[in-house]
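Please open the model in your viewer and keep the sequence panel beside it. The tour below moves from one selection to the next, and at each stop it says what is to be found there.

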Amino acid sequence: EGDFEYISPSIEAITGYKPEEFQKDKNLFLKIIHPDNKEELKAHMENLNSTVTGKLEFKILKKNGDIRVIRHTCQPVFDEKGKFIGRRASNRNATDRWLAEQKLKEEIANKDKFFSIISHDLRSPFTALLGYSQMLDEEFDSLTQEEIKNSISSLRKTSKNVFQLLRSEEHTSELQSHSFISYAVFCLKKKKHKYINNDTIT
């Protein structure tokens, strides 16, 4: 019927709400679900009588408005005669892991953008390098010493510019990587397995 027989006190650390608040308002759980996941949770709650183990991940809004990510697992509970009497649910705080994944996705997107910029920035200088080298290769015998010297000078200047560009892009990449590694280490230090269990039977 959707009633809670037992709610662990640890739920307050996850949601900001006391167990008795969930006992008093059996729709409170759905009320705190983030809009992104509300329909998914509604569908899940409509199948409470199912005897299949359910697993899903969703976001909630704490009492103070903060977002938390919950990893939810629930399984059927039967009495000694094998009759289905409800479901036992375990909710774990997976926010730190979710934040690390979001950070990783952002870093991957930045890397893709970074390599796209490199490709664009290098196109022009490499076109110049190919042009100068082709001219020297095909017209060397007909060029004057001054023209050859000028071409070699241009090749050197363009090569130097490409090298400086690569060093600049490499430095930017190192900064981005260092930022991500520092963030990952920070998350690991914040108790790698900091999960709070919330067991309920409905």
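What follows is a sequence of selections, beginning with the whole chain and ending with a single residue.

**The whole chain**

Start with a cartoon of the entire protein, bearing in mind that this is a predicted model. Coloured by secondary structure, the protein shows six helices and five strands, and reading along the sequence gives the order β-α-α-α-α-β-β-β-α-α-β. If you then switch to a surface representation, the accessible surface comes to about 13,700 Å², with 53% of it belonging to carbon and sulfur atoms. Of the 202 residues in the protein, 30% are buried. Among contacts between residues at least 6 apart in sequence, 55% join residues that are at least 24 apart.

**The largest nonpolar core**

Next, select Phe22, Phe29, Ile32, Ile33, Leu41, Phe58 and Ile60 and show their side chains; these are the residues with the most contacts inside the largest nonpolar core, which has 15 residues. Helix 1 (11-15), helix 3 (28-31) and strand 2 each supply at least two residues of this core, and strand 2 gives the most, with three residues. As background to this stop, nonpolar side chains in soluble globular proteins tend to be buried together.

Centre the view on leucine 41 and ask which residues it touches, not counting those up to four places away in sequence. They are Phe29, Leu30, Ile33, Leu56 and Phe58.

A second, separate core can be picked up from here: it comprises nine residues, and Leu122, Leu129, Leu136 and Leu143 are included in it.

**Aromatic pairs**

Return to the aromatic side chains, where the structure holds three aromatic pairs. One of them is formed by tyrosine 17 and phenylalanine 22, an edge-to-face pair with 6.1 Å from centre to centre and 80 degrees between the planes. Tyrosine 17 is buried, with a relative accessible area of 15%, and phenylalanine 22 is likewise buried, its relative accessible area being 1%.

Phenylalanine 29 and phenylalanine 58 form another edge-to-face pair, this time with 5.9 Å between centres and 90 degrees between the planes. Because phenylalanine 29 lies in helix 3 and phenylalanine 58 in strand 2, this pair ties together parts that are 29 residues apart in sequence. Phenylalanine 29 and phenylalanine 58 are both buried.

**Salt bridges**

Now colour the charged side chains; the structure holds eight salt bridges. In general, side chains of opposite charge can pair when their charged atoms come close.

Select lysine 18 together with glutamate 12, which form a salt bridge whose closest N and O atoms are 3.3 Å apart. Lysine 18 counts as partly exposed, at 36% relative accessibility, and glutamate 12 is also partly exposed, with a relative accessible area of 33%.

Move to glutamate 21 and lysine 63, whose side chains meet in a salt bridge at 3.2 Å, N to O. This pair links distant parts of the chain, since glutamate 21 sits in helix 2 (residues 19-24) and lysine 63 in the loop between strand 2 (54-61) and strand 3 (67-78), 42 residues apart. Glutamate 21 is partly exposed, with a relative accessible area of 24%, and lysine 63 is partly exposed as well, with 47%.

For a pair within one helix, select arginine 97 and glutamate 101, which form a salt bridge with closest N and O atoms 2.5 Å apart. The two are four residues apart in helix 5 (residues 95-139) and therefore separated by about one helical turn. Glutamate 101 has a relative accessible area of 32% and is partly exposed, while arginine 97 is partly exposed with 23%. Extend the selection to Glu57 and Arg71, and you have a network of salt bridges that links Glu57, Arg71, Arg97 and Glu101.

**Last stop: serine 151**

Finally, select serine 151, which has its place in helix 6 (residues 145-189). Is serine 151 buried or exposed? Serine 151 has a relative accessibility of 5% and so counts as buried, the cut-off for buried being under 20%. Leaving aside its neighbours within four places in sequence, serine 151 is in contact with Met135 and Leu136. Leu136 has already appeared on this tour, as one of the residues of the second core.

Definitions and conventions
Residues numbered from 1 in each chain as written. Predicted model: local features only at pLDDT ≥ 70, side-chain atom pairs only at ≥ 80, totals over all residues. Heavy atoms only, no water. Buried < 20%, exposed > 50% of the residue type's maximum accessible area, 1.4 Å probe, protein only. Contact = heavy atoms within 4.5 Å. Areas by Shrake-Rupley, 256 points an atom, 1.4 Å probe, with all protein chains shown as cover. Salt bridge = Lys/Arg side-chain N within 4 Å of Asp/Glu carboxyl O. Core = buried A, V, L, I, M, F, W, Y, C linked by side-chain atoms within 4.5 Å. Phe/Tyr/Trp six-rings, centres within 6.5 Å; stacked < 30°, edge-to-face > 60°.
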